[in-house]
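Open the model in your viewer and keep the selection tool at hand. The stops below tell you what to pick next and what is there.

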Amino acid sequence: MLRCAPVLGLLLGLLPGRSLADQGLALVQLGERDDATAGWKVYATRDGVTLDERVVPGSSFREYRAIVELAVDPLRAADEAWAVLREGDPDHLKHRQILRESRSEMLIYDQIRAPVVYDRDYTIRIRRIDDPARRRIEFRLETANTLGPPPAHNHVRIPEIRARWVLEPTPNGGTRLTNYAYSEPGGSVAAFLVRGAQAERSLLGVLRMIRRLRRLATGGPAR
């Protein structure tokens with residue numbers, strides 16, 4: 001069972017509201033060293049989905065990964081995944097403004113609800129990267145706060161979000177879906193209090209995406 005905690009936190013030993021990159025510390029590139037010796041450990045399993053975690057050098061937070069296979073074509077799955085990313089997380093999203101949108105990129109400003117303490121906000125850029133030769137599609141999500149509005153009143157700015165969704169074909173014509181996620185929530189709550197909630201949010205996001213893609217695979221309405 002996943003541990004519960006407020007969905008907020010601060011890097012231990014670092015300055016509030018500043019990302020690791022801002023403070024000159026090295027960050028792993030999501031998935032760049034993703035192999036059997038890359039330090040992944042099983043965190044939890046729910047509804048047949050296993051969430052792995054690993055330490056990020058210089059950070060008190062963790063990077064998370066989940067891998068599943070689905071009986072749906074990668075290109076169809078990618079279009080549906082793009083729609084899911086455009087909609088955001090309805091359970092926590094209080095305001096969303098799409099600042100820029102094309103077939104391959106979205107720039108989005110979000111305000112999200114947070115229990116007990118101040119709500120959060122951020123601007124995020126989502127890029128779609130297609131590899132037609134391999135029928136592989138990747139979505140990269142990275143904070144781009146300098147490209148969006150300043151922090152809203154009574155909100156704390158999230159300094160760092162990095163995530164990837166990778167869709168690639170399986171030998172039987174399905175899709176292998178891999179998600180990587182890392183974030184620094186900002187604020188003034190110790191990181192050890194929020195890591196469980198971050199893992200919970202990561203796993204719930206993967207499960208939500210899977211439900212949409214499975215409905216697509218069975219021919220039912222995706223939404």
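**Stop 1: aromatic rings**

Start with the ring pairs: the count for this predicted model comes to 3 aromatic pairs. Select tyrosine 43 and tyrosine 64. Their ring centres lie 6.3 Å apart and their planes stand at 80°, so this pair is edge-to-face. The cut-off for that label is over 60 degrees.

Now look at where the two residues sit. Tyrosine 43 belongs to strand S1 (residues 41-46), and tyrosine 64 belongs to strand S3 (residues 62-70). The pair links distant parts of the chain, 21 residues apart.

Are these two tyrosines buried or exposed? Tyrosine 43 counts as buried because its relative accessibility is 15%, and the cut-off is under 20%. Tyrosine 64 is buried too, with a relative accessible area of 3%.

**Stop 2: the whole chain**

Zoom out and colour by secondary structure. The protein chain has 2 helices and 10 strands. Read from the N terminus, the order is β-β-β-α-β-β-β-β-β-β-β-α.

Switch to a surface view. The accessible surface comes to about 10900 Å². Carbon and sulfur atoms hold 53% of that surface. Of the chain's 223 residues, 50% count as buried.

Next, consider contacts along the chain. Take those between residues at least 6 apart in sequence: 59% of them join residues at least 24 apart.

**Stop 3: strand S9 and its partners**

Select residues 160-169, which form strand S9. How many of its 10 residues are buried? The count is 8, so the strand is mostly covered.

Add residues 136-143, strand S7. S7 and S9 pair in the antiparallel sense over 6 bridges. To see one position across this pairing, pick leucine 141: it stands opposite alanine 163 in S9.

Now add residues 175-184, strand S10. S9 and S10 also pair in the antiparallel sense, over 10 bridges. Pick tryptophan 165 and look across to its bridge partner in S10, asparagine 179.

Follow the chain from S9 into S10. The hairpin has 5 residues between the strands. Stop at glycine 173, which takes a positive phi near 90°.

**Stop 4: phenylalanine 139**

Go back to strand S7 and select phenylalanine 139. This residue is buried, with a relative accessible area of 0%.

Which residues does phenylalanine 139 contact, leaving aside neighbours within four places in sequence? Show Ala78, Ala81, Trp82 and Leu85, then Arg127 and Arg128, and then Ala163, Arg164, Trp165 and Leu167. Of these, Ala163 was met earlier opposite leucine 141.

Put a distance label on phenylalanine 139 and alanine 78. They are 61 residues apart in sequence, yet 8.8 Å apart in space, C-alpha to C-alpha.

**Stop 5: glutamate 138**

Step back one residue along the chain to glutamate 138, also in strand S7. Glutamate 138 is buried, with a relative accessible area of 5%.

Show side chains here. Glutamate 138 makes a polar contact of 3.2 Å with the side chain of arginine 136. Another polar contact, of 2.6 Å, joins the side chains of glutamate 138 and arginine 140.

Finish with the surroundings. Not counting residues up to four places away in sequence, glutamate 138 touches Arg127, Arg128, Ile129, Arg164, Trp165 and Val166. Among them, Arg127, Arg128, Arg164 and Trp165 also contact phenylalanine 139.

Notes:
Residues are numbered from 1 along each chain as its sequence is written. This is a predicted model: local features need pLDDT of at least 70, side-chain atom pairs count only at pLDDT 80 or more; totals for chains, interfaces and linings use all residues. Side-chain values use heavy atoms; hydrogens and water are left out. Buried means under 20% relative accessible area, exposed over 50%, partly exposed in between (1.4 Å probe, protein chains only). Helices (H or I, at least four residues) and strands (E, at least two) are DSSP runs, numbered from the N terminus. Two strands pair if DSSP finds at least two bridges between them. Contact means heavy atoms within 4.5 Å. Accessible areas come from the Shrake-Rupley method with a 1.4 Å probe; for residues, only the protein chains shown count as cover. A polar contact is a pair of N or O atoms within 3.5 Å; within protein, one must be able to donate a hydrogen and the other to accept it, and residues adjacent in sequence count only if both atoms are side-chain atoms. Rings of Phe, Tyr and Trp (its six-membered ring) pair if their centres lie within 6.5 Å; planes under 30 degrees apart count as stacked, over 60 as edge-to-face and the rest as tilted.
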